[in-house]
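The following exercises ask the reader to work from overall descriptors down to single residues. Each task is followed by a solution set out in steps.

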Amino acid sequence: MPSSPLPLFLVDAFADRPFAGNAAAVCLLDAPADPGWMAAVAGELQQAATAFVYEQGEGFGLRWFVPGRELQLCGHGTLAAAHVLWEAGQLWPDAPAQFQTASGLLSARRDADAIALDFPAEPVQPLDPPDGLLEALGVEARALARGTFDLLVEVESEAAVRAIQPDFSRLRQIDARGIIVTAAADGQQTLSQPTMGHAPNGQPVDFVSRFFAPRVGIDEDAVTGSAHCLLGPYWQRKLGRDALVGYQASARGGTVRVQVNGPRVTLCGRAITVMSGSLVPPPAD
């Protein structure tokens, strides 16, 4: 008997409206699947992340893929997966989602109309600029740091973050998953952008960022939850506050609330399903 089609969803994560934030596909599996097949599905769907979820022990296994490779940590894919489990009735509304992942145990819980993720905080180390990095970005750096996966470049202003037009061919040569460019929100006004220091919905923010990852096939990621594992502790030390609001100033844009809790961070955002359907299951062995 042929296997049943697999539920498949397209979710906008860290979004307060459809077609904003970062899109992730979420596939609900009956059991763990072959990584090659999951990578092929991600290549077919061409989303910023495709999350595969299956029951495992008392929680769920979770793996994330982008076209061409598996990810070790993905914030917006985790947010989307938790959202789908509640929306599809796989979890009681007040039950937390527990995920076994390549980055250890991650959890999610509902927080009013948003979802709060419990993720590892990323310690940052000062960094001398790698050859070609600042030239590829076309910026001067106030500070540079390295996290587990990504490099961070602090620049002088929010306007400088928004104005960056990287040379992606040169940026692809930098040895890092991605490059975070960030600045403190400055609260100034401009006619060509939303009010500085605010998200488009008017919410005040503490810092802004953009995330470039051409080395893994994503020139600019729309909203990068995992980058805030590094951004939260970084701006906690700079601003002296544990609770922060970040805005990722990509074309789609999205807001991430961050609470730094020692070795962990809570990342909070909303998610919206924009499409649902089914996926042909992998062929039997």
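**Exercise 1. Surface and overall form**

How much accessible surface does the protein have, and what percentage of it belongs to carbon and sulfur atoms?

Solution. The model is a predicted one, and its accessible surface comes to about 12800 Å². Of that surface, 49% belongs to carbon and sulfur atoms.

Next, count the elements and then compare the radius of gyration with the globule rule. The secondary structure amounts to six helices and 18 strands. The radius of gyration is 19 Å, close to the 19 Å that the globule rule gives for 285 residues, so the protein is as compact as a globular protein of that length. Taken along the principal axes, the box filled by the C-alpha atoms is roughly 60 × 40 × 35 Å.

Finally, consider burial and contact range. Buried residues account for 53% of the 285 residues, and among contacts with a separation of 6 or more, 64% join residues that are 24 or more positions apart.

**Exercise 2. The nonpolar cores**

Identify the residues that touch the most other members of the largest nonpolar core, and the helix that gives the most to this core.

Solution. The largest nonpolar core holds 58 residues, and within it V53 and F99 touch the most other members. Helix α2, residues 75-87, gives the most to this core, with seven residues.

To see how V53 is placed, list its contacts while leaving out residues up to four places away in sequence: V53 then touches V26, C27, L28, L29, F60, G61, L62, A81, L85 and F99. Another core, of 24 residues, lies apart from the largest one, and its members include V155, L171, F212 and V245. As general background, nonpolar side chains in soluble globular proteins tend to be buried together.

**Exercise 3. Helix α2 as a test case**

Check the length of α2 against the rise expected of a helix, and then decide whether α2 is largely enclosed or open.

Solution. Begin with the length: at 1.5 Å a residue, the 13 residues of α2 should span 18 Å, and the end C-alpha atoms are 18 Å apart, which agrees.

Then turn to burial, for which the cut-off is under 20% relative accessible area. Twelve of the 13 residues of α2 are buried, so this helix is largely enclosed by the rest of the structure. The buried residues include G75, H76, L79, A81, V84, L85 and W86. Just after α2 comes G89, which takes a positive phi of about 75°.

**Exercise 4. Two buried strand residues**

Compare the surroundings of L6 and T50, starting from the strand in which each is found.

Solution. L6 has its place in strand β1, residues 6-13, and T50 is found in strand β3, residues 50-56. L6 has a relative accessible area of 4%, and is therefore buried; for T50 the value is 0%, so that T50 is likewise buried.

With neighbours within four places in sequence set aside, L6 is in contact with C27, L28, L29, D30, W37, G277, S278, L279, P281 and P282. Under the corresponding exclusion, T50 touches A25, A42, L45, R63, W64 and F65.

**Exercise 5. Aromatic pairs**

How many aromatic pairs are there, and what geometry does the pair formed by Y234 and W235 have?

Solution. The count comes to six aromatic pairs. Y234 and W235 form an edge-to-face pair, with 5.4 Å from centre to centre and 90° between the planes. Both Y234 and W235 are buried, and they appear among the buried residues of helix α6, residues 228-239. Helix α6 is followed by G240, whose phi is positive, near 75°. A further group, made up of W37, F52 and F65, forms one aromatic cluster.

**Exercise 6. Positive phi outside glycine**

Where are F19 and Q46 found, and are they buried or exposed?

Solution. The reference point is that most residues other than glycine have a negative phi. F19, although not a glycine, has a positive phi of about 70°, and Q46 has a positive phi near 55°. F19 is found in the loop between β1 and β2, whereas Q46 is found in the loop between α1 and β3.

As the last step, apply the cut-off for exposure, which is over 50% relative accessible area. F19, at 63%, is therefore exposed, and Q46, at 54%, also counts as exposed.

Technical notes. Residues are numbered from 1 along each chain as its sequence is written. This is a predicted model: local features need pLDDT of at least 70, side-chain atom pairs count only at pLDDT 80 or more; totals for chains, interfaces and linings use all residues. Side-chain values use heavy atoms; hydrogens and water are left out. A nonpolar core is a set of buried Ala, Val, Leu, Ile, Met, Phe, Trp, Tyr and Cys residues joined through side-chain atoms within 4.5 Å. Buried means under 20% relative accessible area, exposed over 50%, partly exposed in between (1.4 Å probe, protein chains only). Helices (H or I, at least four residues) and strands (E, at least two) are DSSP runs, numbered from the N terminus. Contact means heavy atoms within 4.5 Å. Rings of Phe, Tyr and Trp (its six-membered ring) pair if their centres lie within 6.5 Å; planes under 30 degrees apart count as stacked, over 60 as edge-to-face and the rest as tilted. The expected span of a helix is 1.5 Å times one less than its number of residues. The radius of gyration is taken over C-alpha atoms; the globule rule is 2.2 Å times the number of residues to the power 0.38. Accessible areas come from the Shrake-Rupley method with a 1.4 Å probe; for residues, only the protein chains shown count as cover.
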